[in-house]
Amino acid sequence: MFANSHHRSGVFKAKRLPQALLLGLALLSAGVAEAAPENRCGWVVNPTPGNWWLTDRDDTWIMTSQGGEQEPDGMDKIGDISAGDYVATNGYYGYACGCMKVDVDKTGKRIARIYSFRQLPIAKCRADTSLPSADQ
């Protein structure tokens, strides 16, 4: 009886394995499986109301655009960048240096979700030769 139960258990697992594999492949191809969040550091820019982006060594990643892009989840993690080391360029608006843990949409060049934000001294980004100048 024990041998019979063990045998049935093995047959059951063998039949379920291909189904589980197919389900996993279907989820991957449907885009359900997500990549791990990325750490991105660079210029955090808020030049005018409703416009935010991050320029890092790879590209410029849009967070919001006035009348366009919807705010990504976690935008509240950024807070008031003018309370830290900050350069005002347009009244209350300007830029800072910072690092963010984010999900990005590489095709759309967007930040899809913000997990964390840490503001850094402006000098840190100015010294980073992989970043473009913030005064463009």
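Here are three short exercises, with worked solutions, on a predicted model.

**Exercise 1.** Find which residues touch the most other members of the largest nonpolar core, and which elements feed that core.

*Solution.* Start with the core itself: it has 16 residues, and those touching the most other members are Trp 52, Met 63, Ile 78, Ile 81, Met 100, Ile 111 and Ile 114. Next, look at where core residues come from: strands E2 (52-56), E3 (60-64), E5 (93-105) and E6 (110-120) each give two or more. E5 gives the most, with four residues. Now zoom in on Ile 111. Leaving out residues up to four places away in sequence, Ile 111 touches Leu 54, Trp 61, Ile 62, Met 63, Pro 72, Met 100, Val 102, Asp 103 and Val 104. Finally, look apart from this core and you'll find another one, of nine residues, including Trp 43, Val 45, Tyr 95 and Cys 97.

**Exercise 2.** Work out what the side chain of Asp 103 makes a polar contact with, and how far away the nearest side chain of opposite charge is.

*Solution.* First, locate Asp 103: it sits in strand E5. Asp 103 is buried. Then check for a partner of opposite charge: the nearest such side chain, Arg 113, is 5.1 Å away. A salt bridge needs atoms within 4 Å, and Asp 103 has none. Its side chain does make a polar contact, though, with the side chain of Tyr 115 at 2.6 Å.

**Exercise 3.** Decide whether Lys 109 is buried, partly exposed or exposed, and say what sign its phi has.

*Solution.* Begin in the loop between E5 and E6, where Lys 109 is found. Its relative accessibility is 39%, so Lys 109 counts as partly exposed. Now the backbone: most residues other than glycine have a negative phi. Lys 109 isn't a glycine, yet its phi is positive, about 50 degrees.

Terms used. Residues numbered from 1 in each chain as written. Predicted model: local features only at pLDDT ≥ 70, side-chain atom pairs only at ≥ 80, totals over all residues. Heavy atoms only, no water. Core = buried A, V, L, I, M, F, W, Y, C linked by side-chain atoms within 4.5 Å. Buried < 20%, exposed > 50% of the residue type's maximum accessible area, 1.4 Å probe, protein only. Contact = heavy atoms within 4.5 Å. Lys, Arg positive; Asp, Glu negative; His and termini not counted. Polar contact = N/O pair within 3.5 Å; in protein donor to acceptor, adjacent residues only side chain to side chain.
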